[in-house]
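User: I'm new to this structure and I'd like a close look at one part of it. Could you walk me through the second largest pocket, and then carry on to whatever sits around it?

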Amino acid sequence: SRGRHAEDGGVVSRGGVALSLRRGITATDRLMIGFLLVNTAVVVWHAPVVGAWRWLLLANALTLTLVALLARAPVTGLVAFIGGGYGVLLSIVYYTQLGVIALDTAHVYDALVQRWEAAVFGGQVSVTWNQRVPSLVLSWIMHFCYGSYYWIVTGTGLWLYFRTPREAYERGMFLITLAFYTCYLIFAFLPVTGPREFFGDATGPIATVLPARFVHRVLELGSAWGTAFPSSHVAASWMAVMASWRDARRLALVLAPVSFGLALGTVYGQIHYGVDAIAGAILAVALFAVGDRVRNALRPAAPW
């Protein structure tokens, strides 16, 4: 009955008196709190070499404050929208934060991942693929798909919120949040810069097409150092497809080929190692398989 009241505006009548329902703590909140605890420990551990550690802890404190405020907020459409999607909205903050930590500690595991790459592909496929197949058409498609990452994730959230029941939106956003922050926990302990940072940007005619120039510009403005393995772009976009399959199948059918092209484009565009993309895809499938059980386990047994 609590969910029905929430969809009706968060007001329930008791003895003729209108009472406002609190949103309470959700599975997404508990997921974010768990990440914040681990992240805070990582920041404190690296504080002697991370100059901005106070700002990073402040960001964690502000996120925790947001969680507390949302829990006490009345159930409205806006609160439901922010409460379901704030983890995805804040993903850029923690993506950047992990890049700051990796850059200041200057300890990355690219040599290890390059050995995995050679074992799987017989060489550094992220460097050799675009050189062996220098197709302007292929480059256009691959970089377009990669650049579509931003609307795949945000578009899925907006579609689920406006076109599906509230439960579908909250479940879908939880799954995408789970994909992001699982990747981020791996980044915290296994920072990898990726081929773009290690070998440089792809060059030649394939880098001159409009989508490639757009992607490179975005990466120059916002790419975080040490956040390559597994590819969070692949994990989050594939999770968006799978999360929307149950409740927005037409959307999923549109996003699926683009997300597949995104995974290939990360490698063709020399942005990720091949094993980064494979690991991101495997992680998304594995998390989706257990996502509902994780969400149910994190849900409070009674209203908070």
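Analyst: What follows starts at that pocket and then moves on to other spots in the fold. Keep in mind that this is a predicted model.

Let's start with the pocket itself. The second largest pocket takes up a volume of about 310 Å³. Its lining is made of 17 residues, and the ones nearest the centre are S91, I92, Y149, Y150 and F180. So where do the lining residues of the second largest pocket come from? Six helices each give at least two of them: α4 (77-89), α5 (91-105), α9 (149-163), α10 (166-189), α12 (210-222) and α13 (232-245). The largest share belongs to α9, which supplies four residues. As for chemistry, the lining of this pocket has 11 nonpolar and six polar residues, and no charged ones.

One of the residues nearest the pocket's centre, Y150, also turns up as a partner of V218. You'll find V218 in helix α12. Setting aside residues up to four places away in sequence, V218 touches Y150 and S223. Is V218 buried, exposed or partly exposed? It counts as partly exposed, because its relative accessibility is 24%, and the buried class stops under 20%. If you follow the chain back 14 residues from V218 you come to G204, and the C-alpha atoms of the two are 19 Å apart.

The other partner of V218, S223, leads us to a second empty space. How many cavities of 30 Å³ or more does a search of the whole structure find? The search turns up one. About 140 Å³ of space lies inside that largest cavity. Its lining has 15 residues, with Y95, T193, S223, I271 and H272 nearest the centre. Helices α11 (195-199) and α13 each bring at least two residues to the lining, and α13 was also on the list for the second largest pocket. The cavity's lining does include charged residues: there are two of them, alongside six nonpolar and seven polar ones.

Now for a few backbone oddities. In the loop between α12 and α13 sits P230, and the peptide bond that joins F229 to P230 is cis, with omega at about -10°. Over in the loop between α14 (249-268) and α15 (274-298), Q270 has a positive phi of about 65°, although it is not a glycine. A106 does something along those lines, with a positive phi of about 55°, and A106 isn't a glycine either. A106 lies in the loop between α5 and α6 (110-121). Are these two residues buried or exposed? A106 counts as exposed, because its relative accessibility is 55%. Q270 is buried, since its relative accessible area is 4%.

Next, take H143, which lies in helix α8 (136-147). With a relative accessibility of 2%, H143 counts as buried. Leaving out its neighbours within four places in sequence, H143 is in contact with I206, P211, A212, V215, H216 and G269.

Helix α8 spans residues 136-147, so it also takes in C145, which brings us to the cysteines. How many disulfides does the structure hold? It holds zero. Why is C145 unpaired? The closest cysteine sulfur to that of C145 belongs to C183, and it is 19 Å away, too far for a bond; a disulfide needs the two sulfur atoms within 2.5 Å. The view from C183 matches, because its closest cysteine sulfur is that of C145, again at 19 Å. Both cysteines are tucked away from the surface: C145 counts as buried at 8% relative accessibility, and C183 is buried at 0%.

To finish, here is helix α2, which covers residues 27-46. How does the length of α2 compare with what its 20 residues should span? At 1.5 Å a residue the expected span is 28 Å, and the end C-alpha atoms are 29 Å apart, so the two agree. Its buried residues are A27, T28, D29, L31, M32, F35, L36, N39, V42 and V43. An α-helix has 3.6 residues a turn, so residues three or four places apart point the same way. The buried residues of α2 pack against α3 (53-72), α4, α5, α10 and α15. Among those partners, α4, α5 and α10 also help to line the second largest pocket, which is where we began.

Definitions and conventions
Residues numbered from 1 in each chain as written. Predicted model: local features only at pLDDT ≥ 70, side-chain atom pairs only at ≥ 80, totals over all residues. Heavy atoms only, no water. 1 Å grid on protein atoms, 1.4 Å probe; cavity = no way out; pocket = protein on both sides within 12 Å on 5 of 7 lines; lining within 4 Å. Points joined across faces, edges and corners; volume = space filled by probe spheres on them. Nonpolar A, V, L, I, M, F, W, Y, C, P; charged D, E, K, R; others polar. Buried < 20%, exposed > 50% of the residue type's maximum accessible area, 1.4 Å probe, protein only. Expected span 1.5 Å × (residues − 1). Contact = heavy atoms within 4.5 Å.
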